[in-house]
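Work through the exercises below with the sequence and the model at hand. Each task is followed by a solution in steps.

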Amino acid sequence: MSKTLAEKIWADHIVSSAADEPDLLYIDLHLIHEVTSPQAFDGLRLAGRPVRRPDLTIATEDHNVPTLNIDQPIADPVSKLQVDTLRANCKEFGVRLHSLGDSQQGIVHVVGPQLGITQPGMTIVCGDSHTSTHGAFGALAFGIGTSEVEHVLATQTLPLIRPKTMAINVEGTLKTGVTSKDIILAIIAKIGTGGGQGYVLEYRGSAIRALSMEGRMTVCNMSIEAGARAGLIAPDETTFAYVKDKPHAPQGADWDAALSYWKTLHTDADAVFDKEITINADELEPFVTWGTNPGQGLPLNSNVPNPADITDPEERGAAERALTYMGLTAGTPLKSVAVDTIFLGSCTNGRIEDLRAAADILKGKKIADSVRLLVVPGSAKVRLQAEAEGLDKVFLDAGGEWRNAGCSMCLGMNPDQLKPQERAASTSNRNFEGRQGKGGRTHLVSPLVAAATAIRGTLSSPSDL
Amino acid sequence: MDKFVTHTGTAIPLRRSNVDTDQIIPAVYLKRVTKSGFEDGLFSAWRSDPEFVLNKPVYNGATILVAGPDFGTGSSREHAVWALQNYGFKVVLSSRFADIFRGNSQKAGLLTVILPQAAIEEIWQMIESDPQISITVDLEAKNVRIGSKIHAFQIDDYTRWRLMEGLDDIGLTMKKIEEVSAFEGKRADFKPKTLPALQ
């Protein structure tokens, strides 16, 4: 029977299946971090269970770690306890851990791909909703809660109800200055934050195939912002070339076997999706969010919308609340909105290509006096690579701050936070109320828009420079 | 996990849509390494507002949260479920839940019930006109009863059975562990391993 890509991967991982029960799915890779794992390890200890497959498990420290003075003990004792707990748990249960200061430490979704342990056709989970990032490789990857983390640690499986499938066809060619971030923000604005609930999204079409692996990761990363637990892209030559030279890539005969399997990983021509939508890439513009959920976005050339124009009462109420929280007035051109902070980083846009793109714009220029620019590489390895290319100098010479790797201001768990009413242009993934610090206001943008905004001090695209 | 068959209590109307898990509990409250004590962070940004529904004394002791659509979007933090449970909630009603939040709630024993938005609106109005009105959420009969109204809801039979029996998912999977071993025996050799560490 014809299958979609997601259905093929699902079928290849079914351990057991029975009528009126969830399928029991095998998990190929379990990524761990300090925030969502301590209670799961506690559960194992209470039940006297080991980690079933430490060799399919890997941990890193990212959410709660400082990005300054990483050679010093973590200053906040509660944060320190959480990180120390991860270290103790990994030691006790034999789990590989990349700690702060290690050259492979970084945001869990940056680390997996750069080590080459993220490969096509795998099932990948992590106690983090942005696990969908790994879908860029044609893997079925999704975020789980702590109960499920414990379940995977104990059994290397998860009982799951099969999701529906949705095709998102992005056809055409992106204009200069329009990026993968703008594609996904436009998709979320179109289908809404609940549009993907119950679905696995498959991003398809010429504009997706033209993206680099890092661009594809940005798209898949924000699937959860459209409500979908997972989003994926069929692997192709771009994928294979990216994986080939990574440390954990299959070698020799294993590579040949892997490649021939990976080449079967595409949606069959006559397979049927439960839902399909189409986006015209030719028409896309740099995008920015104006509200407090990622679906509240518009092309940067637009004005702040008027809630009175929205017919749905729930959406209208949400828009009114969002404008109040964001301190914005309907009708204001988005490009006139001044920001205080630029955050360049996160599992969405903290990879080397993101830093290169921003540095290209900032090279030889100064950021506006009114803004601070925080550049946080997605991993220690990205940081080292950027330094080898001199990108750190570009950011520092422009007046920015060059930090160590971690989630940082994306979720405001470590000391990198907005103050109340501070406004950020952020390359991260969530503009929720208080996400980047209590009372802070977030506009989600691409690295290009972030860099241009840093120079002008108001929301801007590179074409405004 | 405690068994959930039926629950009767009073409710709080939360007239907001898209209440994401950062609103339910912000990241700065996620540093604890236990499953308790998260009630302090529940809706923390809104708790300083005396007009926020949770702060209204008429709703003291409520155990059922009646929320707007798309409740629990965003982060996968199960701390959001624990915060609601630590505060005393047993049930959340909404017309739409985010997938991960709903999954987490079903693992942790917080019942999430989906009702049409029109029913949610009606329940909101009934609570607002009588904050002490009693609501019964009956998982066995698959309905929510308030006043003379009965709202039927759907839930898959497997999850319902597991919640009603208070069964731990891991224990259930352990009964199939030989099938897991058999599956592992057939996995392709080219699949990556994290150990030994290659860099």
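Two residues are in contact if their C-beta atoms, placed from the backbone, lie within 7 Å. The model is predicted.

**Exercise 1.** List the residues in contact with B:L84, leaving aside its neighbours within four places in sequence.

Solution. Apply the cut-off to B:L84 and drop the sequence neighbours within four places; B:I24, B:L42, B:L65, B:F89, B:V92 and B:L110 are left. Next, place B:L84 in its surroundings: the largest nonpolar core has 194 residues, and B:L84 is among those that touch the most other members, together with A:I342, A:L373, B:I64, B:L65, B:V66 and B:L93.

**Exercise 2.** Does the radius of gyration of chain A agree or disagree with that of a compact globule?

Solution. Chain A has 465 residues, so a value near 23 Å would be expected for a compact globule. The model gives 21 Å, which agrees. For the extents, the C-alpha trace spans about 55 × 55 × 45 Å along its principal axes. As for burial, 62% of the residues in chain A are buried. Finally, take the contacts in chain A with a separation of 6 or more: 76% of them link residues 24 or more positions apart.

**Exercise 3.** In what order do the five strands of the open sheet in chain A lie, and which stand at the edges?

Solution. The order is β5-β4-β3-β6-β7, with parallel pairing. β5 (96-98) and β7 (140-143) each have a single partner strand, so they stand at the edges with one side lacking a neighbour in the sheet. Neighbouring strands are turned by 20 degrees against each other on average, direction ignored. For one pair in detail, three bridges join β3 (residues 29-32) of chain A to β4 (residues 57-60) of chain A, and A:L31 stands opposite A:I58.

Definitions and conventions: Residues are numbered from 1 along each chain as its sequence is written. Chains are lettered from A and ligands numbered from 1 in the order in which they are written. This is a predicted model: local features need pLDDT of at least 70, side-chain atom pairs count only at pLDDT 80 or more; totals for chains, interfaces and linings use all residues. The radius of gyration is taken over C-alpha atoms; the globule rule is 2.2 Å times the number of residues to the power 0.38. A residue is buried if 20 or more other C-beta atoms lie within 10 Å of its own, exposed if 12 or fewer, and partly exposed in between; C-beta atoms are placed from the backbone. A nonpolar core is a set of buried Ala, Val, Leu, Ile, Met, Phe, Trp, Tyr and Cys residues joined through C-beta atoms within 7 Å. Two strands pair if DSSP finds at least two bridges between them. Helices (H or I, at least four residues) and strands (E, at least two) are DSSP runs, numbered from the N terminus. Axes are lines fitted to C-alpha atoms, for helices over the stretch in contact, and angles run from 0 to 180 degrees between N-to-C directions.
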